[in-house]
Amino acid sequence: MSQPVPLPGFLNALAPLLDQWGYLAVGSLLFLEDFGVPAPGETVLIAASVYAGAGRLNIVAVGVTGFAAAVLGDNTGYAIGRFGGRTLVLRFGRYVMLTEERLSRAESFFTRHGGKIVTVARFIEVLRQTNGIIAGITRMPWLRFLAFNALGAALWVGTWTTVGYLAGNHIQAIYTQANRYALYLLAAAAAAIVAQVIRHRRRRARREAASRETAATTHDARA
């Protein structure tokens with residue numbers, strides 16, 4: 001094996017872990033991160049890709065390990081949300097004004113748009129760690145979740161392994177810029193959700209107004 005190479009900036013703290021555990025470190029940390037455990041999964045994936053670019057690891061093995069761990073981790077989160085999450089949310093949700101009716105509306109929204117959210121969430125901090133749990137809570141069909149989750153994992157792992165492998169010591173600047181744009185993406189997603197909620201409320205208000213008008217017309221006709 002070639003001599004150790006220094007990892008740039010924020011990745012350097014992971015060098016001892018990768019030197020000792022290699023692919024096991026990549027798989028373990030990614031798996032833990034993807035069902036909500038605070039762990040540097042994305043960071044270790046990038047660090048391993050930089051190592052691969054320097055000949056310390058095999059980039060194909062890093063990519064396959066990362067993809068498998070990401071999918072398994074999110075599906076573990078899905079199982080947690082599916083079999084225990086909703087009960088916990090309804091039990092403690094009243095403390096944050098989360099009622100069953102509001103959760104049901106969230107379930108309906110996720111059912112309609114969940115696939116896109118699951119795919120994009122992989123690139124956004126916090127959403128990456130919780131999207132499986134949310135999908136489980138909202139009872140998104142598992143095969144649908146699996147398909148979009150696998151797509152997101154493939155795109156995410158493919159992006160960071162390629163960038164890490166080719167960028168080497170320039171990865172810190174690239175990562176900083178990517179996180180900046182991820183925040184813009186998160187803001188755009190939040191704006192889209194707010195717009196969808198407003199549109200839904202307006203439609204409901206129009207339906208209610210039409211129902212009242214129909215009821216009033218019927219009452220006048222009978223009178």
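Ala-25, Val-26, Leu-29, Leu-30 and Glu-33 of helix H2 are in contact (heavy atoms within 4.5 Å) with Gly-41, Glu-42, Val-44, Leu-45 and Ala-48 of helix H3. The model is predicted, with local features needing pLDDT of at least 70 and side-chain atom pairs counting only at pLDDT 80 or more, whereas totals for chains, interfaces and linings use all residues. Residues are numbered from 1 along each chain as its sequence is written, and side-chain values use heavy atoms, with hydrogens and water left out.

**Packing of H2 and H3**
- By class, this contact of H2 with H3 has seven nonpolar, one polar (Gly is counted here) and two charged residues.
- The axes, which are lines fitted to C-alpha atoms over the stretch in contact, with angles from 0 to 180 degrees between N-to-C directions, lie 8 Å apart at an angle of about 155°.
- H2 and H3 are therefore roughly antiparallel to each other, a term for angles over 145 degrees.

**Nonpolar cores**
- The largest nonpolar core, meaning buried (under 20% relative accessible area, 1.4 Å probe, protein chains only) Ala, Val, Leu, Ile, Met, Phe, Trp, Tyr and Cys residues joined through side-chain atoms within 4.5 Å, has 24 residues, and Leu-18, Leu-45 and Trp-156 have the most contacts inside it.
- Two or more residues each come from helices (DSSP runs of H or I, at least four residues) H1 (15-21), H2 (23-33), H3 (41-53), H4 (59-92) and H7 (142-167), and H3 gives the most, with seven residues.
- Apart from this core lies another, of five residues, among them Tyr-78, Val-118, Met-140 and Phe-145.

**Trp-156**
- Leaving out residues up to four places away in sequence, Trp-156 touches Leu-30, Glu-42, Leu-45, Ala-70, Arg-122, Phe-123 and Arg-128.

Technical notes: Buried means under 20% relative accessible area, exposed over 50%, partly exposed in between (1.4 Å probe, protein chains only). Angles under 35 degrees count as roughly parallel, over 145 as roughly antiparallel, 65 to 115 as roughly perpendicular and the rest as oblique.
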